[in-house]
Amino acid sequence: MTTPAHTEKPLFKKILIANRGEIALRILRACREMGIKTVAVHSTADSDSMHVRLADESVCIGSAPSKNSYLNMAALISAAEVTGAEAIHPGVGFLSENEKFAAMVEEHKMTFIGPTPHHIAIMGDKISAKNTMIALGVPVVPGSAGSVSTDEEALSAAKAIGYPILIKATSGGGGKGMKVAHNDDELLANVRLAKIEAKANFGNDEVYMERYLGAPRHIEVQIICDTHGNVVHLGERDCSIQRRHQKVWEEAPSPGLTQKDRERLGDIVTQAMQKMGYRGVGTLEFLFEKGEFFFMEMNTRIQVEHPITEMVTGVDLVREQIRVAAGHKLSFTQEDINIKGHAIECRINAEDAVTFIPSPGKVTGYHAPGGIGIRVDSHLYHGYTVPPHYDSLVSKLIVFGDTREECLTRVERALFEYAIDGISTTIPLHQRLAKEKDIQSGDYTIHWLEKKLKENEA
Ligand code: ADP
């Protein structure tokens, strides 16, 4: 369905990958198959990284702390200029949703592989994102009309929304800084606290309020748009298995949706993106409760969990993302997309599987699982040292099966084979999850894992 590798002219001759770890490798792999040269950038802590080893060229852009390297816009732009890269792929995290960086790349006559700075800015602010979606006819989680600053504003919004209420940072991300309130006193105390935390974490103290849903699933839709007006959605992912609002285990398709729900959601999303004139890949995140979808936020980049969508659609999302960034038409239409089989991703972090304390250090032994239906996206290798400075995600185990049952059997089998020695990882947590009755039956909500972990502590 996608254009076979090497059958079309290289779109860009050279791309700089402004990221690290498994996602840098993922992008590098797509580039190599497309005949595009790659420039890896790295901090001094990442000189021995696999993405540096496999790239055609590499540039050290600063010291270990992200702000000196992977977030250093000037260093990234000069690395691209010096190496003659025509485009920059931002990956996930770091500068991938930074409209200033996207604009800077374009000012320097290079292509930013992502949406316009304008769309990044609209979606980067959660209030403007929600208001935009309301205007586009997308249902959103009921909440305050804008940010709340005074006690009076908070109390009057609470009356309209009803308890329990979730307080969120306008510029928030990564599940950080959210607080639940069950009554007026808690609300006022938590709004104050949330503002202080938001200022410290995101440099902006704006917060807003939403109805806190008691038993929803997290359902997100993958979309891709070219610059010729074509919008295609690639079905949903269920990311309800979360700890501290961070995704742990993802599935496509969701065991909790009917075909009718799926089609309804696909239509809502495609129409909204068409009206918006969006370009590139994106994900619209929803909560789904009692048959209703509520928009939460949109991520204007490729997502960590994109491979499960690739497994069930057969589309190489990163390749398509690069093609549309170069101005090519999408190589498929909505009619070409058939969801087939089932895929699950286990996010494997360098953390203790019980305490979740980070566990950086040297990998003294490494054996990745293989066999039918198994894909491992990881930058780990025997002898590699996981640095303490970055996100603890070290591997994504992605498993495909013709049915959900077959997929789950393979997840267990692959986890049994996976050996990572020298550091602690969350593999034992996934081994436990795969055996859980509720996971096997697909009967879970966004609160399931936290509840389970508490029960196990008790
Ligand atoms: P972030 O950008 O920090 O990841 P999101 O808005 O995407 O924040 O929310 C992250 C997670 O928090 C969601 O996947 C969901 O589990 C939970 N969450 C967000 N909004 C609500 C809500 N209104 N009610 C209940 N849970 C919510």
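Buried, in this briefing, means under 20% relative accessible area. Keep that in mind as you look at strand β1 in this predicted model: Lys-14, Ile-15, Leu-16 and Ile-17 are all buried there. After β1 and its neighbours, we'll move on to the aromatic rings, and then to two arginines that sit over rings.

**Strand β1 and its neighbours**

- β1 covers residues 14-17, and its side chains point two ways: Lys-14 and Leu-16 go one way, while Ile-15 and Ile-17 go the other.
- Which strand pairs with β1 over four bridges? That's β2 (residues 37-43), and the two run in the parallel sense.
- To spot this pairing, find Ile-17, whose bridge partner in β2 is Ala-40.
- Helix α1 (residues 21-34) joins β1 and β2 in a right-handed β-α-β unit.
- β1 also pairs with strand β4 (residues 87-89), again in the parallel sense, over three bridges.
- Here the residue to look for is Leu-16, which has Ile-88 as its bridge partner in β4.

**Aromatic pairs**

- How many aromatic pairs turn up in a search of the whole structure? There are eight.
- One of them is Phe-286 with Phe-293, an edge-to-face pair with 6.2 Å centre to centre and 80° between the planes.
- Both Phe-286 and Phe-293 are buried.
- Those two phenylalanines also belong to one aromatic cluster, together with Phe-288 and Phe-295.
- Another edge-to-face pair is Tyr-366 with Tyr-418, at 5.8 Å centre to centre and with 75° between the planes.
- Why does this tyrosine pair tie together parts that are 52 residues apart in sequence? Because Tyr-366 lies in strand β16 (residues 365-367), whereas Tyr-418 lies in the loop between α12 (404-417) and β20 (419-421).

**Buried or partly exposed?**

- Is Tyr-418 buried or exposed? Its relative accessible area is 6%, so Tyr-418 counts as buried.
- Tyr-366 has 23% relative accessibility, so this ring's residue counts as partly exposed.

**Arginines over rings**

- Arg-217 lies over the face of Tyr-444, at 4.6 Å from the ring centre.
- Which residue has Arg-243 over its face? It's Phe-356, with Arg-243 at 3.7 Å from the ring centre.

Technical notes: Residues numbered from 1 in each chain as written. Predicted model: local features only at pLDDT ≥ 70, side-chain atom pairs only at ≥ 80, totals over all residues. Heavy atoms only, no water. Phe/Tyr/Trp six-rings, centres within 6.5 Å; stacked < 30°, edge-to-face > 60°. Buried < 20%, exposed > 50% of the residue type's maximum accessible area, 1.4 Å probe, protein only. Lys NZ or Arg CZ within 6 Å of the ring centre and 35° of its normal. Pairing = 2+ DSSP bridges. Right-handed = clockwise from strand over helix to strand, strands pointing away.
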